[in-house]
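Q: Please take a close look at one part of this chain, the strands and how they pair. Then follow the packing outward to the helices.

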Amino acid sequence: MMKKMIYFMLVLFMTGITSCTSEDSIKPIPELGNPPFELPRGEAGSVEEQIYSVYEKYGSFVLYDFDQKEFYTTWNGRVVYWYAPVKKGNEAYVSQMVTFMVEDVFASYPEAFISKFLPKKIYLVDSICNTSSYNKSNLVNTLATDNHGLVVSYVGSKMDSYRDSDWDAMRSGIVTSIMGNIYNTMDVPGEFFDLVEYLFIYMYDEEEDADPEGEFDAYHYVLYTNGYVNSNAFPDYGYFMPHRNGDDLGDYLSFLMSTPKTEMDRIFARFDIVKKRSFLIARFMVEEMEMDPIALQNSFCPNDPLPVGYFDEQ
């Protein structure tokens, strides 16, 4: 009975992934530059002030009351996605969503990283489908546009009933859009992906798969042993689903930028595959992304920074 229930959950989970990610790649247009929007600074504590502070800090425009023609023009003049705008009088929900993005999602990464890869336009809407006509089953939390834009949905009264899992899904969608920009436009080293086996699911048992040295719990021991640093975990059922492609890359980027040296040393000492993949992505950050992983980690973990040359080949 338990196996049947797990199988049913997996089918539902994968169906959700398919419906939400088919349009989720974003490809920046270098010549796009900063759109010619004039953002008011707003009064202290206003939504306008929040939005202007996002522009000042990251160079991105948060838009919630925009002309439909301009919206579709950003998608090469084609009416591609059905959407409903934020309802009038819902500025408080706009403010709540902006706060969530800035203080939760963006704050989880070094500022220099977000500034470089955050989509230039962030559209807040009441709801959106990943199809050109309305269909309830095609409604999504987030959607990446074709020219370095991001749509964040459900900005309205629906947020009143959001649980932690709903906010987690929203966070995941925003991060996936940011990381997708990197994965889809840069030359990620093939060896990074070749080092792991992307099974659909990894089962683990707290006793049978316990760390022989007692340093890590069974989940992390199996996770790191197989070369991953994050996943969709279901601890109550004893399994996890590894992230793939852009999400796997995103996990490692986050790991390198936000993990204290002490913890990184501890993981590298036990799991050589994680160390190899980390060193590959560190070099990728320098050569392709033109960013310094050491400096980014230092800015995020000033109390336990990595030393210069940490990712040099031994």
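A: Strand E2 (residues 83-85) and strand E3 (residues 121-128) pair in the antiparallel sense, over 3 bridges. In this pairing, Pro85 stands opposite Val125 of E3. This is a predicted model, and each detail below should be read as a feature of that prediction.

E3 has further partners. Strand E1 (residues 61-63) pairs with E3 in the parallel sense, again over 3 bridges. Val62 has Ile122 as its bridge partner in E3. Strand E5 (residues 149-152) also runs parallel to E3, and 4 bridges join the two. There, Tyr123 stands opposite Val151 in E5.

How well covered is E3? Its burial is easy to state: 8 of its 8 residues are buried. Ile122, Tyr123 and Val125 lie within the stretch 121-128, so each of these bridge partners counts as buried under the 20% cut-off for relative accessible area.

Now move along the chain to strand E8 (residues 239-242). Both of its faces are covered. Tyr239 and Met241 are buried on one side. Phe240 and Pro242 are buried on the other. The pattern fits a general rule for strands. In a regular strand, side chains alternate between the two faces of the sheet.

E8 belongs to an open sheet of 3 strands, in the order E6-E8-E7, with antiparallel pairing. E6 and E7 stand at the edges with a single partner strand each, so one side of each has no neighbour in the sheet.

Take the E6 side of that sheet. Strand E6 (residues 202-203) is joined to E8 by 2 bridges, and the two run antiparallel. Tyr202 has Phe240 as its bridge partner. Met203 stands opposite Tyr239.

Then take the E7 side. Strand E7 (residues 231-234) is joined to E8 by 4 bridges, also antiparallel. Asn232 has Met241 as its bridge partner. E7 and E8 form a hairpin, with 4 residues between them. In that turn, Gly238 has a positive phi of about 70 degrees.

Met241 deserves its own stop. Its place is in E8. Its relative accessible area is 4%. That value is under 20%, so Met241 counts as buried. Met241 and Tyr198 are 43 residues apart in sequence, yet their C-alpha atoms are 9.2 Å apart in space.

Next come the helices. Helix H9 (residues 245-258) meets helix H11 (residues 272-287), with axes that come within 10 Å and cross at roughly 85 degrees. The two helices are therefore roughly perpendicular to each other. H9 brings Asp248, Leu249, Tyr252, Leu253, Phe255, Leu256 and Met257 to the contact. H11 answers with Ile273, Val274, Arg277, Ser278, Ile281, Ala282, Phe284 and Met285. By class, this contact has 12 nonpolar, 1 polar and 2 charged residues. The spacing of residues along a helix has a general background. An α-helix has 3.6 residues a turn, so residues three or four places apart point the same way.

H11 itself can be checked for length. Its 16 residues should span 22 Å at 1.5 Å a residue, and its end C-alpha atoms are 23 Å apart, which agrees.

Which residues of H11 are buried? They are Ile273, Val274, Arg277, Ser278, Phe279, Leu280, Ile281, Ala282, Phe284 and Met285. The buried residues of H11 pack against several helices: H6 (164-185), H7 (190-194), H8 (218-225), H9, H10 (261-270) and H12 (293-300).

H12 also meets H9. The axes of H9 and H12 come within 7 Å and cross at roughly 65 degrees. Here Leu256, Met257 and Ser258 of H9 meet Leu296, Gln297 and Phe300 of H12. By class, the H9 contact with H12 has 4 nonpolar, 2 polar and no charged residues. Leu256 and Met257 take part in the contact with H11, and they take part in the contact with H12 too.

Finally, set these parts in the whole chain. The chain has 12 helices and 8 strands. Of its 314 residues, 47% count as buried. Among contacts with a separation of 6 or more, 73% come from residues 24 or more positions apart.

Key
Residues numbered from 1 in each chain as written. Predicted model: local features only at pLDDT ≥ 70, side-chain atom pairs only at ≥ 80, totals over all residues. Heavy atoms only, no water. Axes fitted to C-alpha atoms, helices over the stretch in contact; angles between N-to-C directions. Parallel < 35°, antiparallel > 145°, perpendicular 65-115°, else oblique. Contact = heavy atoms within 4.5 Å. Nonpolar A, V, L, I, M, F, W, Y, C, P; charged D, E, K, R; others polar. Expected span 1.5 Å × (residues − 1). Buried < 20%, exposed > 50% of the residue type's maximum accessible area, 1.4 Å probe, protein only. Pairing = 2+ DSSP bridges.
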